[in-house]
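Work through the exercises below with the model in view. Try each task before reading its solution.

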Amino acid sequence: MSDRWAIAATPDGGAELAPLGPDGLPAGGVRREPSLVEAVRGRPGVARWVWRSTAAVYPRLLAAGVRVDRCYDIEDAETLLLGHEGRHGEPRSAAAALARLRHAPVPPDPPQRAAEPGSQSSLFEPQPVHVPLDDLAAVYADQQRRHDATAHPDRMRLLTATESAGMLVAAEMTAAGLPWRADVHRAVLGELLGERYAGGEPRRLAELADEISAAFGRRVRPDLPADVVRAFAQAGVKVSSTRRWEIESIDHPAVKPLIEYKRLYRIHTAHGWSWLQDWVRDGRLRTEYLPGGTVSGRWVTNGAGALQIPKVIRRAVVADPGWRLVVADADQLEPRVLAAISRDPGLMEVAGRDADLYQSISDRAFASDREQAKLAVLGAVYGQTSGDGLRNLAVLRRRFPRAVAYVDDAARAGEEGRLVRTWLGRTCPPAATAGDQDGEGVPQEDQPSGPAGAPGEFVPGYASTNARARGRFTRNFVVQGSAADWALVMLAALRRACAGLAAELVFFQHDEVIVHCPAEEAPAVTAAIREAADLAGRVTFGDTPVRFPFTTAVVECYADAK
DNA sequence: GAAGACGGCGCC
DNA sequence: AAAGGGCGCCGTCTTC
């Protein structure tokens with residue numbers, strides 16, 4: 001049996017499929033079968049399924065109990081390849097890719113829609129435009145050639161293959177759901193917010209609002225920033241906003257209850273009773289994971305705000321009876337990634353140990369002040385512009401010149417309007433936002449774009465402010481995005497390691513993963529996570545001494561992991 | 001009444 | 001001590 005097969009779902013639930021030859025085109029005749037699910041189930045020897053879109057095909061297979069080892073997601077690869085080619089805005093559907101290949105009019109992409117609570121999500125929507133299998137294969141074969149034209153074809157192939165694996169992980173996590181105890185969640189809400197008055201207002205919020213009003217000497221609505229700013233002004237305190245960092249140093253009796261109100265109000269509105277009603281069913285939090293949903297390659301979720309769950313609410317994440325949660329958190333991922341991509345000798349040396357990286361850096365350069373070292377590193381990665389961070393950055397630059405030069409170069413590229421890429425080749429979108437001047441982007445040749453910033457009307461200070469913001473973005477992009485590259489490779493390896501176990505991946509959040517498994521599998525899962533991290537370091541970044549340790553915990557409740 | 005901007009804050 | 005990067009989602013306010 002050929003190791004790669006292409007498959008296309010037909011509108012009646014059937015499939016067209018064919019084995020692919022070395023050129024990526026069908027090597028035998030195209031078969032038509034009445035059931036997509038049975039077509040895949042009956043061919044366990046296929047090493048990689050090439051299909052239009054994982055989100056469109058795989059949930060149906062999972063619902064029927066069919067898993068696949070590997071896939072190649074044509075529309076995801078199209079997105080990555082277009083980005084690398086500096087053509088971010090162009091339609092990415094298979095139909096569009098085919099039209100470009102045929103020099104035909106290119107159809108726009110169908111609009112995305114947000115998840116609605118309780119719906120089965122976009123994953124079960126009907127196919128948009130049916131692309132016949134021969135045409136799909138033609139697009140695939142052309143994509144293989146386009147990989148060869150990139151700066152690092154081997155890395156680009158790894159990127160598309162790995163993000164395809166990520167699509168499988170995402171569909172499986174979406175189908176599995178995160179174990180969620182609604183009764184525990186309700187108990188936490190009761191403790192924090194008190195019982196609800198008629199109309200849904202929690203007692204504790206009402207009490208805090210009263211305290212705040214009493215402190216100001218008049219009725220104040222703490223959920224209205226404008227009202228709070230006015231109240232402070234009447235009390236003789238000028239504030240430009242009611243953000244916590246701005247008001248917390250003010251000496252006024254309203255500050256303490258106000259900050260507490262904001263904390264609890266947030267929990268009530270974003271992760272309270274109605275959230276529970278909307279997103280938790282049958283003991284699982286239901287959301288949809290979207291790999292590569294951000295420009296840097298980080299994932300997003302569609303629905304439930306599942307990557308922003310407050311720590312206090314994590315008490316509701318509890319393993320099934322007899323099962324455990326293996327919670328694993330990569331230690332100081334971003335500076336380790338910076339060491340690997342910059343190949344800075346000093347930083348690689350400290351990142352070559354499992355010990356706390358910020359502590360190691362502070363021992364070398366910051367008189368053992370870990371917090372200062374951490375702020376300096378984050379300042380370098382985020383583009384800090386003022387304060388202590390700048391002085392610390394100078395220290396960092398002296399000790400780790402290549403690492404700092406790497407992010408400085410990325411920042412300069414951004415300020416000059418050039419493209420930057422992650423280690424594996426994910427490319428940041430050009431500065432000009434969709435639809436204005438310069439629209440069609442800048443192909444490979446990284447041309448300097450004259451005076452930095454936007455063409456068009458010139459407002460003194462405006463262009464340079466934009467250029468600096470752009471520099472901070474590209475500076476961060478190369479590190480955050482390369483960390484996302486690594487995380488994707490790690491996830492793919494971990495998924496493979498869990499294939500023979502009952503264990504399943506149930507959560508992934510940038511540098512943290514949760515596996516739900518029978519208690520007796522927990523040691524094997526823990527070992528698999530460490531092996532996946534090591535493997536990902538080697539596969540992603542090649543031959544470097546940099547290590548990627550995880551902090552792992554085997555717990556029954558997520559909140560006990562930290 | 002729907003859509004979008006904005007302030008604010010949770011997570012990494 | 002100062003207010004950098006990436007997101008999603010909420011409620012309010014504004015606009016059409």
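## Exercise 1: Helix α3 and its surroundings

The buried residues of α3 pack against two strands, β4 (48-51) and β5 (71-73), and against the helices α4 (94-102), α5 (133-148) and α6 (153-176). Keep in mind that this is a predicted model.

**Task.** Find how many residues of helix α3 (residues 74-84) are buried, and say what that implies for the helix.

**Solution.**
- Step 1. Take buried to mean under 20% relative accessible area.
- Step 2. List the residues of α3 that pass: I74, E75, D76, A77, E78, L80, L81, L82, G83 and H84.
- Step 3. Compare with the length of the helix. 10 of the 11 residues are buried, so α3 is largely enclosed by the rest of the structure.
- Step 4. Look at the two ends. At the start, a side-chain oxygen of D73 comes within 3.3 Å of the backbone nitrogen of E75. Just after the helix, G86 has a positive phi of about 75°.

## Exercise 2: The nonpolar cores

**Task.** Name the residues with the most contacts inside the largest nonpolar core, and the helix that gives the most to this core.

**Solution.**
- Step 1. The largest nonpolar core holds 126 residues.
- Step 2. Those with the most contacts inside it are W180, F232, L285, I361, L396 and W486.
- Step 3. Helix α19 (residues 462-498) contributes the most to this core, with 13 residues.
- Step 4. Another core lies apart from it, with 21 residues, including L17, A39, W49 and L62.
- Step 5. Now zoom in on L285. Neighbours within four places in sequence are set aside. L285 then touches G177, L178, W180, W275, W279, V280, A304, A306 and I309.
- Step 6. Recall the general trend. In soluble globular proteins, nonpolar side chains tend to be buried together.

## Exercise 3: DNA strand B

**Task.** Work out which parts of DNA strand B lie within 4 Å of the protein, and which residues come nearest.

**Solution.**
- Step 1. There are 18 residues around strand B, and T242, K262, R298, Q308 and D511 come nearest.
- Step 2. Sort the strand's atoms within 4 Å of the protein. Sugar or phosphate makes up 81%, and bases make up the rest.
- Step 3. Check three arginines. A polar side-chain atom of R243 lies 3.5 Å from a phosphate oxygen of strand B. For R266, the partner is a sugar or linking oxygen of strand B, at 2.9 Å. For R298, the partner is a base oxygen of strand B, at 2.7 Å.
- Step 4. Class the surface near strand B: four nonpolar, five polar and nine charged residues.

## Exercise 4: DNA strand C

**Task.** Repeat the analysis for DNA strand C: which residues come nearest, and which elements give two or more residues to the surface near it?

**Solution.**
- Step 1. Of the 27 residues around strand C, the nearest are Y265, Y382, S386, R472 and F473.
- Step 2. Sugar and phosphate account for 66% of the strand C atoms that come within 4 Å of the protein.
- Step 3. Follow the polar contacts. The side chain of R266 has an N or O atom 3.1 Å from a base nitrogen of strand C. A polar backbone atom of G303 is 3.0 Å from a phosphate oxygen of strand C. The side chain of Q308 has an N or O atom 3.2 Å from a sugar or linking oxygen of strand C.
- Step 4. The elements giving two or more residues to this surface are α11 (255-271), β10 (300-302), α16 (370-382) and α19.
- Step 5. By class, the surface near strand C has 10 nonpolar, 12 polar and five charged residues.

Technical notes:
Residues numbered from 1 in each chain as written. Chains lettered and ligands numbered in written order. Predicted model: local features only at pLDDT ≥ 70, side-chain atom pairs only at ≥ 80, totals over all residues. Heavy atoms only, no water. Near = heavy atom within 4 Å. Polar contact = N/O pair within 3.5 Å; in protein donor to acceptor, adjacent residues only side chain to side chain. Nonpolar A, V, L, I, M, F, W, Y, C, P; charged D, E, K, R; others polar. Core = buried A, V, L, I, M, F, W, Y, C linked by side-chain atoms within 4.5 Å. Buried < 20%, exposed > 50% of the residue type's maximum accessible area, 1.4 Å probe, protein only. Helix = DSSP H or I, 4+ residues; strand = E, 2+ residues; numbered from the N terminus. Contact = heavy atoms within 4.5 Å.
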